Amino acid sequence: MSSTLITRIGTLVTNDPALGDGSPLGLIEDAALVLDGGTVAWAGRSADAPDADERHDAGGRAVIPGFVDSHSHLVFAGDRTAEFNARMSGRAYSAGGIRTTVAATRAASDEELEANLTRYLDEALRQGTTTFETKSGYGLTVADEARALRIAARHTEEVTYLGAHIVSPDYADDPAAYVALVTGEMLDACAPHARWVDVFCEKGAFDGEQARAILAAGTARGLVPRVHANQLTYGPGVQLAVELEAASADHCTHLTQADVDALASGNTVATLLPGAEFSTRAEWPDARRLLDAGVTVALSTDCNPGSSFTSSVPFCIALAVRDMGMTPDEAVWSATAGGAAALRRTDIGRLAPGARADLAVLDAPSHVHLAYRPGVPLVREVWRRGVRAV
């Protein structure tokens, strides 16, 4: 592949302090990038840029790493408009609504599920997302969970086995038997198609003992744990995630000081999902508390049909700044480098030599406009692996 020089960048977010102004975002003003094949070959000031085979003029616009959406649920069918409408009219959110999507997903064909998945991936790409994780969890049978992961694996490396989303309606009277299925036959069918194992550790889903058994079984099969933790209530999820060295504890809405201290002392990323709080009128996670304690924070969409039906990382950035105590710089870092950390990746979420050439060009002079101009479609171009995709 030929090399491309992107020049006249107003502000470049590299996420490499050594390249730029020394801040975590590694900002460079009046910048340029050289993409060589699918990787970044050079980043710096325009005046110092080397030659390349082709040139692309950014026109003074900001360039940021492509968003890394490290938590989504995109293999599903059906619609939960009625549930959302009822919730906005006063009904409380609970984990039980997942069953509606389970029924629709089981009834859908493989072609329907994949068409739905690609629809939302295209939607996310147009908004700057270049890497995404997605989960099973809406089939809850051996066959349906395995096919969800097969479909997802055709579109991303970051595939998560979530047979433990809720107890299957088929096992409502025998949760122990369902845990045995999730850790046995279902795991056997799903592990070859996944990188991660996840569990919804929450009242109405799986308790701490059940979650431990599920994560331990997945780890024994070579999957890396991540945990839906402390979304609806205080509980054992965060502590369990840190103890088992999970890559991320996701939601982290209801935290004790011991939970915060555990995250700060461990290697587990706290992934915050403000779309869920927005869509359920729930209490916001306290990002400021986590950041001030030294916790690594990721920001993601939680795109799913029930509690956070948004594929827009820019929208989540705006929410995090407005309602969760994050600065614009922190929110952009968390949606790029933070998401990469939650996926234990070093090749994405930054624009430094050797990184994958995934980037978004904003129709604005600065990344701050993502929070400053909420709801405005600011992503003008998206490049993946060095090729313009949008």
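**Helix H12, aromatic pairs and strand E8**

Visitor: Which residue follows H12, and near what value is its phi?

Guide: In this model, which is predicted rather than determined by experiment, helix H12 takes in residues 313-323. The residue that follows H12 is Gly325, and its phi is positive, near 85 degrees.

Visitor: At the start of H12, which residue offers the backbone nitrogen that a side-chain oxygen of Ser312 reaches?

Guide: Ser312 stands at the start of the helix, and one of its side-chain oxygens is the atom to follow from there. That oxygen comes to within 3.1 Å of a backbone nitrogen, and the residue that holds this nitrogen is Phe315.

Visitor: Which helices do the buried residues of H12 pack against?

Guide: The buried residues of H12 are Val313, Pro314, Cys316, Ile317, Ala318, Leu319 and Ala320. On the strand side, they pack against E6 (67-69), E7 (129-135) and E13 (297-299). On the helix side, their partners are H10 (274-280), H13 (328-342) and H14 (369-372).

Visitor: What kind of aromatic pair do Tyr171 and Tyr178 form?

Guide: The structure holds seven aromatic pairs, and the one formed by Tyr171 and Tyr178 has its ring centres 5.5 Å apart, with 50 degrees between the planes. Because planes under 30 degrees apart count as stacked and those over 60 as edge-to-face, with the rest counted as tilted, the pair of Tyr171 and Tyr178 is tilted.

Visitor: How many residues apart are Tyr178 and Phe206, whose pair links distant parts of the chain?

Guide: Tyr178 and Phe206 form a stacked pair, 6.4 Å from centre to centre and with 25 degrees between the planes. Tyr178 counts as buried because its relative accessibility is 0%, and Phe206, also at 0%, counts as buried as well. Tyr178 belongs to helix H5 (residues 175-183), while Phe206 lies in the loop between strand E9 (196-201) and helix H7 (208-220), and along the chain they are 28 residues apart.

Visitor: How far is Arg226, which lies over the face of Trp196, from the ring centre?

Guide: Arg226 is placed over the face of the Trp196 ring. From the centre of that ring, Arg226 is at 4.3 Å.

Visitor: How many disulfides does a search of the whole structure find?

Guide: A disulfide would need two cysteine sulfur atoms within 2.5 Å. A search of the whole structure finds none, and for Cys201 the nearest cysteine sulfur, that of Cys252, is 12 Å away. Cys201 is buried, with a relative accessible area of 4%, and Cys252 counts as buried because its relative accessibility is 0%. The number of disulfides found in the whole structure is zero.

Visitor: In E9, which residue is the bridge partner of Tyr161?

Guide: Strand E8 (residues 158-164) is mostly covered, with seven of its seven residues buried. E8 pairs with E7 in the parallel sense over three bridges, and Lys135 stands opposite Thr160 in E8. E8 is also joined to E9 by three bridges, and these two strands run parallel. In E9, the bridge partner of Tyr161 is Val197.

Notes: Residues are numbered from 1 along each chain as its sequence is written. This is a predicted model: local features need pLDDT of at least 70, side-chain atom pairs count only at pLDDT 80 or more; totals for chains, interfaces and linings use all residues. Side-chain values use heavy atoms; hydrogens and water are left out. Buried means under 20% relative accessible area, exposed over 50%, partly exposed in between (1.4 Å probe, protein chains only). Helices (H or I, at least four residues) and strands (E, at least two) are DSSP runs, numbered from the N terminus. Contact means heavy atoms within 4.5 Å. A polar contact is a pair of N or O atoms within 3.5 Å; within protein, one must be able to donate a hydrogen and the other to accept it, and residues adjacent in sequence count only if both atoms are side-chain atoms. Rings of Phe, Tyr and Trp (its six-membered ring) pair if their centres lie within 6.5 Å; planes under 30 degrees apart count as stacked, over 60 as edge-to-face and the rest as tilted. A charge sits over a ring if NZ of Lys or CZ of Arg is within 6 Å of the ring centre and within 35 degrees of the ring normal. Two strands pair if DSSP finds at least two bridges between them.
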